[in-house]
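I opened the model today to look up how the chains meet and how the helices pack. My notes follow in the order in which I checked things.

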Amino acid sequence: MTIKTNVTKKWIDQLVEKILFFMALLSASFIVMVVIVIIERGLSPFFSDNDGLGQVNLLRFLTGIVYLDGPTFASNAYGIGYLIISTLYIALLSLLIAMPISIFSALFIAKIAPKPLGNTLRTVTEILAAIPSIVYGLFGAGVILDLVYNLSLIVGVQSSAGFSVLSTVIVLAIMIIPTMTVIAEVAIRAVQKELIHGSLALGATPTQTNFKVVLASAKSGIFTAAILGVGRALGEATAVSLVAGSRRSGISFALFETTATLTSTMLQGMKETVGLDYTIRFSIGLVLMVIILLVNFILNFVKSKVGRVHV
Amino acid sequence: MNMQLKKGTLFASLAVILAACGTTVSSSSDNSVASSATSVAPEFTTSNNIVLYTRDTTSGTRDGFMGGIGFSTAAKNDSLLTDGFVIADNTAILTAMSGSDKYGIGYVSLSSVNNNVKALDFNNVEASEDTVLDNSYGLKRPFNWMLRADNDFPSATVENISKAFVAFMGTIEGGDTIAGAGAVALNATQRWDDIKASYPVCNQDNSAVTVRFGGSDSIEKVAKAITASFKPRCGNFVAEHEHTGSGDAYKRTNDPAIKDTAVGKDVGFASRNFADAEKKVGDVALPSAQYGQLAWDAIVAIVHKDNPLLNVNGDILKRMYEKASANPIRTWAEALAAEAAL
């Protein structure tokens, strides 16, 4: 009887193992399929005749400052150099705003707030992190655009109804703050109590301990939060397209001027387009994937350098 | 003290940075006008730059607008537009003009215009269904249809359904459908029930019959709305839509070299008048029953309610939107001067 039970248990274990392996394989294969499709379609504009329009020039595509020089459906002169720079610029500004807010929020929730308040704030942050980006986009279109437009009037600058770099940065910052806060808060809570007690026992104040011991110890986790935040900012399309203004040419770092990102350009007119104008969006997607990989690589490298705890 | 100085420096720097971040607004005392004679007259600084709003290059409304102002080349080409334009959808343009952007100008379909924006007259004619239908409003284009020749359809059933479809477009129900899709329907007096007896093909089950529709992509939305409305009234035939441009309305229904290929169509649409060459096959003119108009696509230039501009023409709008214009209009003062010269 016992032998039979053991055989059954072993059989179940093997079955569960196989099911889990199959699930993991399935999930990995989806990623592989997506990557293959993006690469295959994304590269095709540079190697095919594009229904008589001719091959897209790769160098011009990567360095151009005019999205399309010529008529849609009749030209192959695409350029996204300015979009690459705008995308990185906007992601960087969003991170600069979101980073301190997220870290200090996380520190407050994890270490300073009374437990009931901390739990409530943690729940609220988690809910905010789960809100779809379209909601943030609508908030941006309904509220942030007006705020930015009014701000532009105050500082004496003419803005296009608030469609601007600043609106995009604010919306993205608002969007990534909850994600970064949740992850940073987990990292801060994971700091060993012995370190904190040791700091306090040596006469450091709670504030000194929080800033010099807790945050220093949680650096690695905080960097992970930044990596995910930047990833979300780089990849966001819907919310950005509602507040950016879909700039079609030229690099602009001015806060009140219209802008565009790789993703918002991919989304622009997506439902109505065909041919090369459709396929080129896969090429933009491919460039975006490379940029996200590079940024992640760089941030991970920085994380490995600064993430070491030296308390 | 030192801290206060630092704070002050910070705010001053921020103000400088923000101020350097775009086109500077002229002071309100400079070239300001009151847009109404009422006691609370809103300020409008005419020396400010015009902010141009446009739909994206796949939009039929943009196609109609650019064609209507004599700037067809810009219908699909952003690089011809004045720098600084904003690409936005219908809702975003209306939202910008109704509140946040005093100095913007955009265009929307007549059916979208509301009381929160100022609709500009075109050549001194106010945009309305009446002025569109009596042909006095000029910023519009016709939506036309064209059928294959009699006995040239894949089957008699397809021919009869196609002709019933054309008849339906001229009914009150057809007109409602067209209006619901954003176009201005022609005046109709009959209901479908009044004429359906003339089309017995609609009394049978047509679920195995496919009717092919094509031509203008600007009309695609309207055409799909009409077929969706007409299908249940005519035996649930299958409507196959492939809209590739107005030029294909004639080519794919009547051009002998193309109409019988795989891309041939039974009903074609064109968002412009048919050229003379498209009204004949060889030297033989098409019968008048083989083509006609189903609707108008009327487009209205809109601005903020505080904007003193009231009337424009195609030339003024083109000079605003065209980057390489020989006589560009870039500020509202220039636009008002051009309006005064009309």
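I started with Arg248(A), which forms a salt bridge with Asp78(B). I read 2.9 Å between the closest N and O atoms of Arg248(A) and Asp78(B). The model is predicted, and this distance is a computed one. I then looked for other salt bridges across the interface of chain A and chain B, and the rule finds one in total.

Next I looked up the extent of the interface. I noted 30 residues of chain A in contact with 29 residues of chain B. The size of an interface is often given as the accessible area lost when the parts come together. For chain A and chain B, I have about 2,500 Å² buried, with carbon and sulfur atoms giving 57% of that area. On the chain A side, I listed Tyr149(A), Gln158(A) and Arg248(A) as the residues that lose the most area to chain B. Together these three account for 24% of what that side buries. Arg248(A) therefore enters my notes twice, as a salt-bridge partner of Asp78(B) and in this list.I turned to the fold of chain A. I counted 12 helices and one strand. Along the sequence I read the pattern α-α-α-α-α-β-α-α-α-α-α-α-α. The C-alpha trace of chain A spans about 70 × 70 × 35 Å along its principal axes.

Then I took up helix packing. Two packed helices are described by the angle between their axes and the distance between the axes.

The first pair I checked was H4(A), residues 115-130, and H6(A), residues 165-189. Their axes come within 7 Å and cross at roughly 135°. H4(A) and H6(A) are therefore oblique to each other, and I logged their crossing as left-handed. From H4(A), I noted Arg122(A), Thr125(A), Glu126(A), Leu128(A) and Ala129(A) in the contact. They meet residues of H6(A) including Pro178(A), Val182(A), Glu185(A) and Arg189(A). By class, I have four nonpolar, three polar and four charged residues in the contact of H4(A) with H6(A).

The other pair I checked was H9(A), residues 219-235, and H12(A), residues 275-306. I read an angle of about 165° and axes 10 Å apart. Angles over 145 degrees count as roughly antiparallel, so H9(A) and H12(A) are roughly antiparallel to each other. H9(A) passes H12(A) in a right-handed crossing. Among the contact residues of H9(A), I wrote down Phe223(A), Ile227(A), Val230(A) and Leu234(A). Among those of H12(A), I wrote down Leu288(A), Ile292(A), Val295(A) and Leu299(A). The contact of H9(A) with H12(A) divides into 10 nonpolar, four polar and two charged residues.

Notes
Residues numbered from 1 in each chain as written. Chains lettered and ligands numbered in written order. Predicted model: local features only at pLDDT ≥ 70, side-chain atom pairs only at ≥ 80, totals over all residues. Heavy atoms only, no water. Axes fitted to C-alpha atoms, helices over the stretch in contact; angles between N-to-C directions. Helix = DSSP H or I, 4+ residues; strand = E, 2+ residues; numbered from the N terminus. Parallel < 35°, antiparallel > 145°, perpendicular 65-115°, else oblique. Left-handed = near helix turned anticlockwise from the far one by under 90°. Contact = heavy atoms within 4.5 Å. Nonpolar A, V, L, I, M, F, W, Y, C, P; charged D, E, K, R; others polar. Buried area = accessible area lost by both parts, 1.4 Å probe. Salt bridge = Lys/Arg side-chain N within 4 Å of Asp/Glu carboxyl O.
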